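Open your viewer, keep the selection box handy, and follow along. We will go from stop to stop, with something to select at each one.

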Amino acid sequence: MRYSQALIPTLKEAPAEAQVVSHVMLVRAGYIRKLAAGIYTLLPLGWRVVRKIEEIVREEMNRAGAQEVLMPAAVPAELWQESGRWQAYGAELLRFKDRKGADFLIGPTHEEVIVDIVRRDVKSYRQLPLNLYQIQAKFRDEPRPRAGVMRGREFIMKDAYSFHADEDDCKRTYQRMYDAYLAIFRRCGLAFRAVEADTGNIGGTLSHEFQVLATSGEDNIVACDHEACSYAANVEMAQIVPAEKATPAAAPREQVATPGQRTIEEVSGFFGVPAAALAKTLVYRRDFDPETGKGGTLVAAMVRGDRELNEAKLKRALDASTLELAGDAEVERATGAPVGFAGPVGLVVPVVADHEVLAMAEAIVGANAADGHLRHVVPGRDFQATAADLRVAVEGDACPRCGKGHFKAYRGIEVGHVFFLGTRYSKKMHCVFLGEDGKEHVMIMGCYGIGVTRTAAAAIEQNHDEGGIVWPMAIAPYQVTLLSLQPGDADVRRVSEELHEKLEAAGIEVLYDDRDERPGSKFKDADLVGIPLRVAVGKKSLAEGAVELKHRRDKEATKVPLAEIVATIEAKVAEELARGRT
């Protein structure tokens, strides 16, 4: 492709709303343009990157035995009403009525549609297992769309759904999809970790996220640092090794006046002790239905003063359908004290405490009285609580899987997620089959998603420098950018044209910068756009019978004889593409 004929509108400055690196780079390098909040047009370079990712995904999904379909974006509401998600989903679900007044939605995900397809045409165990996928634009009406295509309202996603006669077969496909995802993100040239994760709104009982490691990542993950251990998890799921029980203190419980001392920092400063000597008590409301205003009971949860309570873990420990912090008035009614003075001693609501709290020799806790705290409180002696793993994992925690390593903390960007769904959707929507025993059984399901446009953005967050994007070879819009530094010179123009033809004849994807621009401008645009290999044809190097070759990651260019340049580029492209396949 000749640069002079291409739509590559590079900018010196990014728009004010572009804050994260990928958003800035994609706008400045001419890959995307904003149409509305969280909605972007993919320009030619951006579309080429997305197509590269799609093809990698498609090849690996097909290799894993999945079949591609394409489902409608507009979905009748009755399917979501049947599954219960029409009521459960909030404002992010884009709902509309057709001209006849029927309710529809733009699909943010397609579990209901695929279940409807399968229940109509799959009747026997002989037709199972079945794994269907699509690559399609989705829409979720995010309240604060940000970060460009990293978290937009409209995005391209690969979503796959598998159907099985039993759990063991579903778990085998789950593993095949897990392995396919490893291959996909390796081929995309990304540094990533597969981590155990919460199932969230999708549901199910088993889940892994695929996290691209980047300092700008919005997710916190931990991974074992032992070379023989592969355990990694989102901090919402990371298991904690229970602390050993300390010898209980002998001192009697004592109430101390602490006027105005509410926060952990204030109380630890007042007593002159570290935050780890305190245990904080938080009051939550569980199983409350906001639509009916009914239900909901209070429960108290405890973690050590220097720890953060993990609400996802607490929700699982309670087997709660909903969970939220209680309001100030509710806390005061339950504890008899304002917020900031809650404690477990004498509390009338159930108490769930982190293992670490129950292992403490003694603790300072709220006294359930205004301006008061209790010290020398011994778990088991002064209060009873249900034990659970409730705290957020942190770097340095012992690995629960191997028992040898410790957690190292990372920031990650979620680009893929696999779920073992079980019968969450198939049971509600009566997706059944006749088994070998002649009886009707509910199908077991798995669900597997990849954010295609999000993967492109994550690749930039991980691969960039001050000059611009540094694309991995497999997903770069072109493999080589060819710069004609003095196109007005007859020899430079002739060699550039010949080299362009030879590279394309060799199957190399080339962006040929034939513009009548200064060399410095061409070099800057090449760095910004981020194509892996750069060939510069100029009078000075041609006088030596050579051209300059530079990898985008390297600081310096090298001179390569003109007769060898095509073979050299072929070898470098093949080497980088092969690296992701091993």
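Which residues in helix 13 meet which residues in helix 16? Keep in mind as you look that this is a predicted model. Select helix 13 as residues 490-505 and helix 16 as residues 565-579. On the helix 13 side you will find Leu499, Lys502 and Leu503, and they meet Ile565, Val566 and Ile569 in helix 16. By class, this contact has five nonpolar residues, one charged residue and no polar ones.

Now draw the two helix axes. They come within 10 Å and cross at roughly 40°. Angles under 35 degrees would count as roughly parallel and those from 65 to 115 as roughly perpendicular, so helix 13 is oblique to helix 16. The crossing of helix 13 and helix 16 is right-handed.

**Zoom out to the whole chain**

Show everything as a cartoon. The secondary structure comes to 16 helices and 31 strands. Along the principal axes, the C-alpha atoms fill a box of roughly 95 × 65 × 50 Å. If you colour by accessibility, 51% of the 582 residues count as buried. A contact map is worth a look too: among contacts between residues at least 6 apart in sequence, 70% join residues at least 24 apart.

**Salt bridges**

How many salt bridges does the structure hold? There are 45 of them, and three make good individual stops.

Select Asp103 and Lys97 to begin. They form a salt bridge in which the closest N and O atoms are 2.8 Å apart. Asp103 is partly exposed, at 28% relative accessibility, while Lys97 is exposed, with a relative accessible area of 54%.

Next, pick Asp382 and Arg381. Here the closest N and O atoms of the salt bridge are 2.9 Å apart. Asp382 has 13% relative accessibility; since buried means under 20%, Asp382 counts as buried. Its partner Arg381 is partly exposed, at 40%.

Then move to Asp513 and Arg515, whose side chains meet in a salt bridge with an N to O distance of 2.9 Å. Are these two partners buried or exposed? Asp513 is buried, with a relative accessible area of 1%, and Arg515 is buried as well, at 16%.

While the salt bridges are displayed, select Arg304, Asp306, Arg307, Glu356, Arg391 and Asp397. Salt bridges that share partners join these residues into one network.

**Backbone stops**

Switch to a backbone view and centre on Leu128 and Pro129. A cis peptide bond joins them, with omega at about 0°. Pro129 sits in the loop between helix 5 (111-121) and strand 7 (130-139).

Select Asp287 next. Its phi is near 55°, a positive value in a residue other than glycine. Asp287 lies in strand 14, which covers residues 279-289. With a relative accessible area of 28%, Asp287 is partly exposed.

Where is Asn368 placed? Select Asn368 and you will land in the loop between strand 18 (363-366) and strand 19 (372-377). Asn368 is another non-glycine residue with a positive phi, near 55°. At 13% relative accessibility, Asn368 counts as buried.

Methods
Residues numbered from 1 in each chain as written. Predicted model: local features only at pLDDT ≥ 70, side-chain atom pairs only at ≥ 80, totals over all residues. Heavy atoms only, no water. Axes fitted to C-alpha atoms, helices over the stretch in contact; angles between N-to-C directions. Helix = DSSP H or I, 4+ residues; strand = E, 2+ residues; numbered from the N terminus. Parallel < 35°, antiparallel > 145°, perpendicular 65-115°, else oblique. Left-handed = near helix turned anticlockwise from the far one by under 90°. Contact = heavy atoms within 4.5 Å. Nonpolar A, V, L, I, M, F, W, Y, C, P; charged D, E, K, R; others polar. Salt bridge = Lys/Arg side-chain N within 4 Å of Asp/Glu carboxyl O. Buried < 20%, exposed > 50% of the residue type's maximum accessible area, 1.4 Å probe, protein only.
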